[in-house]
Amino acid sequence: MQEQQEYIITTREDLSQIEVVRKMVEDIHLSGNFFNLSLKTLELIKRFNELHARFHEDNKESAALMNQLVVCSLNLEKQLIQEN
C-alpha cells in the first residue's frame, strides 16, 4: 500500500511540474520572446508541445508517454531557466 501512495504522490508532483513548464511555454508564446531562445530550447518546446498534446488531448495516457513528457519537461525547464 505504501508503494502505491508513493506512486500517486510522485505522479501528482510530475503532473504539477509538467503544468508549470506548460505555463512557462505559454508565457513565452504570449510575450513573443521565443526569438531570443536557442535552437535547442525551441526544439525542446516543440517536443514538449507534441508530447503534451498526445498525453492530454488525445487521451493516450500511457506510462511510457508520461515518462517521456516528464523527462522532456525537466530538460526544458532547465534550458528555460538557463536562458532567462
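1. Gln17 belongs to helix 1, which covers residues 2–31, and in this predicted model Gln17 is in contact with Val70, Ser73, Leu74 and Glu77 once its neighbours within four places in sequence are left aside. Gln17 counts as buried because its relative accessible area is 15%, which is under the 20% cut-off.

2. Two of those contacts of Gln17, Val70 and Ser73, also appear among the buried residues of helix 3, a list that further includes Leu65, Met66, Leu69, Cys72, Leu76, Gln79 and Leu80. Helix 3 runs over residues 63–83, and its 21 residues reach 30 Å from the first C-alpha to the last, close to the 30 Å expected at 1.5 Å a residue. When you look for a pattern in the buried positions, it helps to recall that an α-helix has 3.6 residues a turn, so residues three or four places apart point the same way.

3. Which residues of the largest nonpolar core touch the most other members? They are Val25, Phe48, Leu69 and Leu76, in a core of 17 residues. Helix 1, helix 2 and helix 3 each supply at least two residues of this core, and helix 3 gives the most, with seven. As a general background, nonpolar side chains in soluble globular proteins tend to be buried together.

4. Val25 deserves a second look, since apart from its neighbours within four places in sequence it is in contact with Ile45, Phe48, Asn49 and Leu76. Phe48 and Leu76, two of these partners, are also named with Val25 among the core members that touch the most others.

5. Two residues of helix 2 can be followed across the chain. Lys46 lies in this helix, which spans residues 39–57, and its C-alpha is 9.9 Å from that of Val25, although the two are 21 residues apart in sequence. Glu43 is found in helix 2 as well, and its C-alpha is separated by 9.3 Å from that of Leu76, 33 residues away along the chain. Lys46 is partly exposed, with a relative accessible area of 47%, and Glu43 is also partly exposed, at 45%.

6. A search of the whole structure finds one aromatic pair. It is formed by Phe34 and Phe35, whose ring centres are 4.6 Å apart and whose planes meet at 40 degrees, so the pair is described as tilted. Phe34 counts as partly exposed because its relative accessibility is 30%, whereas Phe35, at 70%, counts as exposed.

Methods. Residues are numbered from 1 along each chain as its sequence is written. This is a predicted model: local features need pLDDT of at least 70, side-chain atom pairs count only at pLDDT 80 or more; totals for chains, interfaces and linings use all residues. Side-chain values use heavy atoms; hydrogens and water are left out. Helices (H or I, at least four residues) and strands (E, at least two) are DSSP runs, numbered from the N terminus. Buried means under 20% relative accessible area, exposed over 50%, partly exposed in between (1.4 Å probe, protein chains only). Contact means heavy atoms within 4.5 Å. The expected span of a helix is 1.5 Å times one less than its number of residues. A nonpolar core is a set of buried Ala, Val, Leu, Ile, Met, Phe, Trp, Tyr and Cys residues joined through side-chain atoms within 4.5 Å. Rings of Phe, Tyr and Trp (its six-membered ring) pair if their centres lie within 6.5 Å; planes under 30 degrees apart count as stacked, over 60 as edge-to-face and the rest as tilted.
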